[in-house]
Amino acid sequence: MAEFPELTQAVIDGNAKKVLEIVNEELKKNATPQSLLTNYMIPGMLHVGKLMQEGEYFIPEVLRSAKAMRGALELLEPLLGQGADRQSEGYVVIGTVDGDIHDIGKNLVAMLLKGAGFQVNDLGVSVKKEVCIEALKAREGKVILGLSALITPTLEEMPIVIEALKEAGLRDRIKVMVGGAPVTQEFADEIGADGTAEDAAGAVDLAKRLMQS
Ligand code: B1M
């Protein structure tokens, strides 16, 4: 018996064509984008991380899997928004912190936020604090700033951005949400963020709570 379901294995193998094929087939059978992501594709990427850690996968293999994931995310993105309340839930500026180029998780968070009715300004990866400040200044009223980090060394960028918000006089109207695999609730509290979430669905719930707080 195969160790992983076919879709998970296709992500692990970095077989972009097969990932798209299976996703398309499953959608025709009425599978939801959320279940394809949560139950099959994300576990595939997590296994890729394990193989990387064990020295079985190197950057080229990891990039192939990331590319396969990205192709399928592009296909799923419009579907994640279907049925959502189109009235804006709020405005979110999001990015991966300076020095960090991981964006699959951040993109998922951005997608689900859009699907839930938030307006999202995605600043991309390795975003400098000045770029965050500029984007936040351009928007009046309450705004959520979402910061993602995947490698431990770049976690230290998060408090630097929060400090920059204070210096720019923006902290009182900006809610800061932090996330990414190495981020814990304890860390979020320590740096004075307004919250953290373990996954993209949790990030949507948190964003809704922050808009009401
Ligand atoms: Co990198 N990498 N990587 N990598 N990579 C990790 C993160 C690592 C854990 C792998 C390992 O060693 N096991 C390790 C970090 C160790 C550490 O510091 N703790 C690591 C390393 C070391 C590196 C390099 C330094 C390797 C090198 O060059 N020697 C290098 C760093 C480059 C840099 O950023 N400066 C590097 C490079 C890369 C690639 C470019 C090859 C590629 C990224 C491609 C891309 O993103 N476009 C890559 C990948 C793919 C990974 C792994 C395998 C997978 C990450 C991923 O996409 N996960 C990863 C292993 C792992 O995470 N186990 C690894 C799937 C994704 C859906 O989950 O991103 O966690 P995640 O997002 C989740 C939650 O965290 C949360 O919701 C998401 C959805 O559920 N979330 C938020 C994320 N952001 C959020 C924000 C929120 C709220 C929730 O609010 C704002």
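In which helix is the place of I133? In this predicted model, I133 belongs to helix α6, which covers residues 129–137. I133 has a relative accessible area of 10% and is therefore buried, the cut-off for that class being under 20%. The C-alpha atoms of I133 and K106 lie 19 Å apart in space, and the two residues are separated by 27 positions in sequence.

The surroundings of the ligand were examined next. The shell around the ligand consists of 36 residues, and those that come nearest are I101, H102, D103, S148 and T152. By residue class, 22 members of the shell are nonpolar, 10 are polar and four are charged. Both domain 1 (6–80) and domain 2 (90–212) contribute to the shell, with at least three residues from each.

Several secondary-structure elements take part in the shell. At least two residues come from each of the helices α3 (33–53), α4 (59–80), α5 (104–115) and α9 (200–212), and the strands β3 (143–148) and β4 (174–179) likewise supply at least two residues each. The element that gives the most is α3, with six residues.

The ligand contains a cobalt atom, and H102 is the only protein donor to this atom. The donor atom is NE2 of H102, at 2.2 Å from the cobalt. In the chain, H102 is placed in the loop between β1 and α5.

Polar atoms of the protein also approach the ligand. A polar atom in the side chain of T152 is 2.8 Å from a nitrogen atom of the ligand. For G49, the approach is made by the backbone: one of its N or O atoms lies 3.1 Å from a ligand nitrogen. For D100, an N or O atom of the side chain lies 3.4 Å from an oxygen atom of the ligand.

Charged side chains were then considered. Side chains of opposite charge can pair when their charged atoms come close. Nine salt bridges are found in the whole structure. One of them joins the side chains of E6 and K18, with an N to O distance of 3.3 Å. E6 is part of helix α1 (residues 6–13) and K18 is part of helix α2 (residues 16–28), so this pair ties together parts that are 12 residues apart in sequence. K18 has a relative accessibility of 31% and counts as partly exposed.

A salt bridge is also formed by the side chains of E26 and K29, again described by an N to O distance of 3.3 Å. The two partners differ in their exposure class: E26 is partly exposed, at 23% relative accessibility, whereas K29 is exposed, with a relative accessible area of 59%.

Another salt bridge links D103 to R70, and the closest N and O atoms of this pair are 2.6 Å apart. D103 lies in the loop between β1 (90–96) and α5, while R70 lies in helix α4, so the pair ties together parts that are 33 residues apart in sequence. D103 is buried, with a relative accessible area of 17%, and R70 is partly exposed, at 38% relative accessibility. D103 is also among the residues that come nearest to the ligand.

Backbone angles were examined as well. Most residues other than glycine have a negative phi. N30 has a positive phi, near 75°, and is a residue other than glycine. The place of N30 is in the loop between α2 and α3. At 68% relative accessibility, N30 counts as exposed, because the cut-off for that class is over 50%. S126 is another residue other than glycine with a positive phi, here near 45°. S126 is found in the loop between β2 (118–122) and α6, and counts as partly exposed at 29% relative accessibility.

The last residue described is D199, which lies in the loop between β5 (195–196) and α9. The side chain of D199 reaches the backbone nitrogen of G202 at a distance of 2.8 Å. D199 has a relative accessible area of 45% and is partly exposed. D199 and G90 are 109 residues apart in sequence, and the distance between their C-alpha atoms is 19 Å.

Key
Residues are numbered from 1 along each chain as its sequence is written. This is a predicted model: local features need pLDDT of at least 70, side-chain atom pairs count only at pLDDT 80 or more; totals for chains, interfaces and linings use all residues. Side-chain values use heavy atoms; hydrogens and water are left out. A residue is near a molecule or strand if one of its heavy atoms lies within 4 Å of it. A polar contact is a pair of N or O atoms within 3.5 Å; within protein, one must be able to donate a hydrogen and the other to accept it, and residues adjacent in sequence count only if both atoms are side-chain atoms. Helices (H or I, at least four residues) and strands (E, at least two) are DSSP runs, numbered from the N terminus. Ala, Val, Leu, Ile, Met, Phe, Trp, Tyr, Cys and Pro count as nonpolar, Asp, Glu, Lys and Arg as charged, and the others, Gly among them, as polar. Domain bounds come from an automatic or database domain assignment. A salt bridge is a side-chain nitrogen of Lys or Arg within 4 Å of a carboxyl oxygen of Asp or Glu. Buried means under 20% relative accessible area, exposed over 50%, partly exposed in between (1.4 Å probe, protein chains only). Donors are N, O and S atoms within 2.8 Å of the metal (3.2 Å for Na, K and Ca); water is not among the atoms, so sites may look incomplete.
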